Amino acid sequence: MLDIKVKNTPINKAVVERKMKESGLKNIGTASIREIVKLVNEIETETGDKFIRMEMGVPGLMPPEIGTNAEIEALKKGVASKYPMIDGVPQLKDEIVKFVKNFLNIEVDRNGCIPTVGSMQGGFATFLMTSKLSKTKNKTLFIDPGFPVQKQQCDVLDLKYETFDVYNYRGEALRGKLEEYLSTGEIATILYSNPNNPSWICFTDTELKIIGEMANKYDVIVVEDLAYFAMDFRKDYSKPGEPPYQPTVANYTDNWILLISSSKSFSYAGQRIGMLVISDKLYKKEYPALGEKFGNPLFGYNMIYKILYSLSSGTAHSAQYGLYAMLKAENEGTYNFVDDIKIYGKRAAVMKKLFTDNGFKIVYDKDEDKPLADGFYFTISYPGFTGDELIEALIYYGISAISLKITGSKRLEGIRACVSQTSEDQFADLEYRLKKFHEHHSA
Ligand SMILES: Cc1ncc(COP(=O)(O)O)c(C=O)c1O
């Protein structure tokens with residue numbers, strides 16, 4: 001355990017020490033998100049002090065009533081007693097087609113537009129599927145830093161993967177790095193999130209083009225995780241059918257799967273519904289290995305009738321109606337979902353300043369030559385601390401976050417902060433605690 005010499009930390013030192021011991025965690029800094037949540041809950045309960053909770057990426061907003069009302073109506077009509085179609089209710093599929101056209105400017109057939117139990121299931125299904133296409137070309141390449149649970153999914157499935165931290169490979173440098181991995185012939189899929197969890201870097205079109213070109217060259221499927229759809233607030237991606245559009249690799253390759261989550265962009269995490277969108281070319285692609293295993297070689301068919309059928313036989317019926325109603329309103333321009341979530345960017349701007357004014361540094365700070373956007377997450381470090389140590393030390397100051405180490409980042413000095421649970425009325429507390437931290441730790 002870290003030796004915090006100062007006595008008057010904002011949170012009772014003895015309680016923090018005892019709770020850390022009781023948690024049984026060997027290293028607080030590398031604890032998982034849910035372990036930090038548990039530890040901080042216990043400290044809050046015992047001390048009565050409210051933490052600045054920045055460890056977990058949960059939406060901090062109310063869900064749109066358009067969605068919840070549509071669900072209530074569907075439930076009243078009796079959908080709860082009926083199995084939904086595995087590939088989604090027809091009207092939802094049609095709205096997904098329109099959404100993809102309106103907000104990404106990409107055309108896709110309704111067959112490849114499938115609701116899943118969150119993007120979490122979309123990713124799991126994708127890993128299951130893409131690991132079966134070839135005996136030798138079956139690994140995922142994660143462009144890190146990334147969402148730790150996706151690697152956990154691979155571990156649960158006993159699947160192999162490779163990763164690298166993109167920090168030093170932005171812009172044209174990405175090409176050589178990707179080639180290094182893809183040329184082994186073992187990589188079946190490339191996965192990244194954009195905007196990125198945890199670093200909030202956003203790939204530029206130069207980088208997306210490189211990824212697309214490499215996918216074409218090595219026949220690799222790109223899984224683009226759009227969990228934070230339209231949340232790069234430097235540009236307004238909110239107008240249906242009008243540029244600018246959410247940037248996507250789908251502009252540069254036909255080998256893609258998009259995971260579009262409704263959790264953050266539509267504040268709909270609780271209903272566990274997301275969209276798995278498969279390009280027309282991939283949907284129709286035939287793989288001999290699938291033919292041998294399942295009797296049908298088609299990628300899209302097997303994704304629905306073998307993989308998703310086996311996992312959950314579709315997605316909750318009422319949630320599909322909720323998502324349908326929200327997408328319809330977004331497509332028709334009667335509901336601007338980005339207006340609702342812009343608040344995260346505003347919070348991030350204030351919070352980042354509070355940190356940097358008190359000796360902290362932003363770790364991932366640029367998209368090529370442009371300063372990073374203010375959004376759902378940011379990454380920080382403090383001189384003289386590793387990320388692990390910083391996570392532990394900040395707990396004494398009533399601030400919780402997660403270490404970048406668990407995200408595949410090589411920036412071991414860094415931690416990830418999520419802005420979603422910090423409301424404006426906590427900014428003064430945050431400022432006070434950061435000032436104390438700086439006072440106690442600046443040389
Ligand atoms: C990058 C990334 N992908 C996927 C997910 C999971 O999304 P969902 O809630 O739709 O399952 C998250 C959630 O935090 C995420 O950050």
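This tour moves through the structure one selection at a time and states what is found at each stop.

The model is predicted, and local features are described where pLDDT is at least 70, side-chain atom pairs count only at pLDDT 80 or more, and totals for chains, interfaces and linings use all residues. Residues are numbered from 1 along each chain as its sequence is written.

**First stop: strand β8**

Select residues 274–278, which form strand β8. Helices (H or I, at least four residues) and strands (E, at least two) are DSSP runs, numbered from the N terminus. In β8, 5 of the 5 residues are buried, so the strand is largely enclosed by the rest of the structure. A residue is buried if 20 or more other C-beta atoms lie within 10 Å of its own, exposed if 12 or fewer, and partly exposed in between, with C-beta atoms placed from the backbone. Show the side chains to see the two faces: G274, L276 and I278 are buried on one side, and M275 and V277 are buried on the other.

Next, add residues 113–116, strand β2, which runs antiparallel to β8 and is joined to it by 4 bridges. Then add residues 256–261, strand β7, which pairs with β8 in the antiparallel sense over 5 bridges. Two strands pair if DSSP finds at least two bridges between them. Which residue of β8 is the bridge partner of T116? The partner is G274, and G274 is also the bridge partner of S261.

**Second stop: the ligand**

Select the ligand and the residues around it, of which there are 13; the closest are G118, M120, A227, S261 and S263. A residue counts here if its C-beta atom, placed from the backbone, lies within 6 Å of the molecule. Colour residues 118–130, helix α5, which gives the most to this shell, with 3 residues. By class, the shell has 4 nonpolar, 8 polar and 1 charged residues. Ala, Val, Leu, Ile, Met, Phe, Trp, Tyr, Cys and Pro count as nonpolar, Asp, Glu, Lys and Arg as charged, and the others, Gly among them, as polar.

**Third stop: helix α3**

Move to residues 65–76, helix α3. Its buried residues are I66, G67, A70, E71 and A74. They cover an arc of only 130° around the axis, which puts them on the same side of α3; the arc is that of the directions from the helix axis to the C-beta atoms. On the other side of α3, E65 and K76 are exposed. Add residues 317–331 to display α12, which is included in what covers the buried residues of α3. Finally, select G78, which follows α3 and has a positive phi, near 100°.

**Fourth stop: two cis peptide bonds**

Select D144 and P145: the peptide bond from D144 to P145 is cis, with omega near 10°. P145 lies in the loop between β3 (139–144) and α6 (148–156). Then select N197 and P198, where the peptide bond is again cis, with omega near 15°. P198 lies in the loop between β5 (187–193) and α8 (205–218).

**Last stop: two residues with positive phi**

Select N105, in the loop between α4 (90–104) and β2. Phi of N105 is near 60°, a positive value in a residue other than glycine. N105 is partly exposed, with 16 other C-beta atoms within 10 Å.

End at D158, in the loop between α6 and β4 (161–165). Phi of D158 is near 60°, a positive value in a residue other than glycine. Is D158 buried or exposed? D158 is exposed, with 7 other C-beta atoms within 10 Å.

Technical notes:
The expected span of a helix is 1.5 Å times one less than its number of residues. Two residues are in contact if their C-beta atoms, placed from the backbone, lie within 7 Å.
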